[in-house]
Structure formats: C-alpha cells, structure tokens
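Welcome! Have the viewer ready and try each exercise yourself before you read its solution.

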Amino acid sequence: MVKCSRCGRKARVRLRYARLSLCVEHFTEFMEKRFLKIASENNLFKNINKVLVAVSGGKDSVTLLHLMYKASNYFGFEIHGLTIDLGIGKEYSKDSVEASVKNFEILKIPYTIFNLKKHYGFTVDNIALYGRKASIRRPVCSVCGTVKRYIMNKVALEVKADAIATGHNLDDMVQYILSSVYAGRIEDLVKLELKTPTKNGLISRIKPLVYFSEKETLLYVLLRKLPFNYNVCPHFRPRIFHEQIRKISNELEEVAPGSKITLAKMFLEKIQPALNKYYPLKEEKLRKCRICGMPSSSEICSFCKVRLAIKKVLKSEGESEART
Ligand code: AMP
Ligand code: ZN
Ligand code: ZN
C-alpha cells in the first residue's frame, strides 16, 4: 500500500511533480495551500474587493469555485458566481447550469444564472445551425468565446466585481503557448497573462488555475464528490494539432515530471514580459458600441454583430422567439 506522505494513511493520489502521495484530505489541503501560495506570489487578488467567478459546471471551473471560496475567506474579498446558459444541446447546458448551481448552493454564495436565449433571443446551437447563413465565418467555439466574454464583462459591471476569474488550466496554457509558437502568433503570446488589468470598461481577468493540471482538477472534484458536468460540449471539434501537442506534453511530463509547470511559469514570468518589450501590442482605441454601449474597437461591438446577424436569419427561418 502506498502511504500518504503527510499522515501515513492509504494514499489516493500520486503527484510526481511534487514528489507526493496523498490521501483525500491531504490532497485537498495541498491544492488549497498551493492555490493561496500562487495567488500571494503573483498578487492575484491585490486591491480586489469582489471577484466574479465564471463557472461552466465542468471540472476546472468547479475546482476554481471551491478554491476561490477558500481564497475569498483568506484574503478577505467577496465572490459572486456566474453561470451562462448558452442553450447547447438537449442536455448539455441544462446539466452544466445544474451542476454550477449545486456548487453555488453548497458554498452558499450569491450567483447569477444568465440565460442567453432569454436575454438576447438566440442560443449557441442557433449559431452552429445558422452561422453560415448569417455570414458568420468564424467557428462556433470562437463565436461562443465572444459571447461568453461579453456576458462575463456585462455581469461583472452589474454586480460591481473588480475582476473575473476563469478556470483555464495548465494543460490549456501549455497547448496555447506551444501552438502559438509553432504558428508564429506573437500577438497571441504577448496577450497571454495571468492577470489583465481593468481598462476602458473591460474588467480585469484572472486565470488562477494555470498552474493546476487537468488531472488535478479532475481528482479534486472526484475525490471531494463535487457535482460537475463531465460531458464534452457537442460543438467541440478536436483539432489534431492541438490534441497532439497535449499528448506530447503529457508524454514529456511522464519522463520529466514538472515540465509543464516549468514551461508555463517560464513563459509567464520571463518570456511574456520580454516579448511585450519587443512586440508591444498596439494600444487599441476602444469606444462605446453604438448599440449596447459596451467597450468596442469598432462602431458596433462583435457581440452585437453576431446577435443582429443571427436574429435576422432566425426571423427569416420563422424561428421567432415566441415559437422556440
Ligand atoms: P472555455 O472557454 O470553455 O475553455 O472555458 C474557459 C472558462 O470560461 C471556464 O473555465 C469557465 O471559467 C468559463 N466558462 C466557460 N463556459 C461558461 C459558462 N457557460 N458559464 C460561465 N462561465 C463559463
Ligand atoms: Zn494524509
Ligand atoms: Zn454592442
């Protein structure tokens, strides 16, 4: 029997990068302490009074919510939960919202359920079906990203949060860094930060889980028996190159435990600041969207463009809001 490195009871988790075997209790404690340490070292919550925690109901954002709850008590800030009902699939969004709400209720934190269809008259499924007809040329996931960012910012302004926390994990981070390097997308690399400041009406965004692997977030929700949606979004189309990068990074992690963390840390602490010096992003002049008043780089913001285009098609398809 492998014993817990802390208490000698039966270990349930082996973390090779940390050279630890841990029981459930000590794995939970390890995750929480590590989260607080990373937050302190990176001043993640400095001068923050309220954080909007964006929860999809998946393993990462459920872990994020519980760790943010600990951090809010430790550092003394408020948290507010947000889950967006994107109207995906017969069950997918329903299950996602349900799992998110269960976790908000477990922790007794205030929350908002934002229903895309109710507020704006369309769903992400509508985009998947009618996007082409509406001359939206981007993939569904990219449009969905625009929609989510817009709603997160809108709700953050409404609840007066000074930051938005999302559950991007270490594996997402490594994949993003390496694929951007391979594709030579310097701009995307310069943009990649642990925390972006509030600017021109765009609320600060924090990714507190970037040093936690998806294995760890999965173990956290499973071992703590937290409700989560384990289904994959039906619109997700794996991209072979991205999948291969993830596979190779994990193979490297097997022979060199800790290599993913080192890569992410090196990048965020040393490479990104250096790149930023040589390739500073052009200061985008933001103005108010003519339709909704939210910050935008053009006359009409990208969210309103999508909304107007899809609603026009929905109308012509006879799928009026009343019918669906
Ligand atoms: P994704 O864009 O699906 O990779 O998700 C990245 C992060 O965005 C998640 O970890 C959540 O923090 C947040 N997020 C994704 N989907 C939702 C949703 N439906 N409602 C609220 N937050 C979400
Ligand atoms: Zn133990
Ligand atoms: Zn707008």
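Below are six exercises on this predicted model, each with a worked solution.

**Exercise 1. The chain as a whole**

Task: Find how many helices and strands the chain has, and describe its overall build.

Solution:
- Step 1. Start with the secondary structure: there are 12 helices and 10 strands in the chain.
- Step 2. Turn to the radius of gyration, which is 20 Å; this is close to the 20 Å that the globule rule gives for 324 residues, so the chain is as compact as a globular protein of that length.
- Step 3. Picture a box along the principal axes: the C-alpha atoms fill roughly 65 × 45 × 40 Å.
- Step 4. Look at burial and surface. Of the 324 residues, 47% count as buried, and the chain exposes about 17700 Å², with carbon and sulfur atoms supplying 53% of that area.
- Step 5. Consider how the chain folds back on itself: among contacts with a separation of 6 or more, 69% are between residues 24 or more positions apart.

**Exercise 2. The site of ligand 3**

Task: Work out which residues coordinate the zinc ion (ligand 3) and why the arrangement is called tetrahedral.

Solution:
- Step 1. List the donors: the SG atoms of Cys-289, Cys-292, Cys-301 and Cys-304 coordinate the zinc ion (ligand 3) at 2.2 to 2.3 Å.
- Step 2. Write their spacing in sequence, which is C-x2-C-x8-C-x2-C.
- Step 3. Check the angles. The four donor atoms subtend 105 to 115 degrees around the zinc ion (ligand 3), and the arrangement is therefore tetrahedral; the test is that all angles lie between 85 and 135 degrees.
- Step 4. Compare two of the donors: Cys-289 is buried at 3% relative accessible area, whereas Cys-292 is partly exposed at 30%.

**Exercise 3. The site of ligand 2**

Task: Identify the protein donors of the zinc ion (ligand 2) and say which parts of the chain Cys-7 and Cys-23 link.

Solution:
- Step 1. The donors are Cys-4 (SG), Cys-7 (SG), Cys-23 (SG) and His-26 (ND1), lying 2.1 to 2.3 Å from the zinc ion (ligand 2).
- Step 2. Their sequence spacing reads C-x2-C-x15-C-x2-H.
- Step 3. Cys-7 and Cys-23, 16 residues apart, link distant parts of the chain: Cys-7 sits in the segment before strand 1 (13-15), and Cys-23 in the loop between strand 2 (20-22) and helix 1 (24-41).
- Step 4. The angles among the four donor atoms run from 96 to 115 degrees, and the site of the zinc ion (ligand 2) is tetrahedral.
- Step 5. Finish with accessibility: Cys-7 counts as partly exposed at 33%, while Cys-23 is buried at 4%.

**Exercise 4. An enclosed strand**

Task: Decide whether strand 4 is largely enclosed or open, and find how it pairs with strand 3.

Solution:
- Step 1. Go through residues 78-85. Seven of the eight residues of strand 4 are buried, so the strand is largely enclosed by the rest of the structure.
- Step 2. Look at the pairing: strand 3 (residues 50-54) and strand 4 run in the parallel sense over five bridges.
- Step 3. Pick out one bridge, in which Lys-50 has Glu-78 of strand 4 as its partner.

**Exercise 5. The packing of helix 9**

Task: Name the buried residues of helix 9 and what they pack against.

Solution:
- Step 1. Within residues 214-223, the buried ones are Glu-216, Thr-217, Leu-219, Tyr-220, Val-221 and Leu-223.
- Step 2. These buried residues of helix 9 pack against strand 1, helix 1 and helix 2 (59-75).
- Step 3. Move just past helix 9, where Lys-225 takes a positive phi of about 55 degrees.

**Exercise 6. Positive phi in loops**

Task: Locate Arg-19 and Ser-135, and describe their backbones and exposure.

Solution:
- Step 1. Recall the background: most residues other than glycine have a negative phi.
- Step 2. Arg-19 lies in the loop between strand 1 and strand 2. Its phi is positive, about 50 degrees, although Arg-19 is not a glycine.
- Step 3. Ser-135 belongs to the loop between helix 5 (124-130) and helix 6 (140-158), and has a positive phi of about 60 degrees.
- Step 4. For exposure, Arg-19 counts as exposed at 74% relative accessibility, and Ser-135 as partly exposed at 46%.

Notes: Residues numbered from 1 in each chain as written. Chains lettered and ligands numbered in written order. Predicted model: local features only at pLDDT ≥ 70, side-chain atom pairs only at ≥ 80, totals over all residues. Heavy atoms only, no water. Donors = N, O, S within 2.8 Å, 3.2 Å for Na, K, Ca; no water. Tetrahedral: all angles 85-135°; square planar, octahedral: opposite > 155°, others 65-115°. Buried < 20%, exposed > 50% of the residue type's maximum accessible area, 1.4 Å probe, protein only. Helix = DSSP H or I, 4+ residues; strand = E, 2+ residues; numbered from the N terminus. Rg over C-alpha atoms; globule rule 2.2 N^0.38 Å. Contact = heavy atoms within 4.5 Å. Areas by Shrake-Rupley, 256 points an atom, 1.4 Å probe, with all protein chains shown as cover. Pairing = 2+ DSSP bridges.
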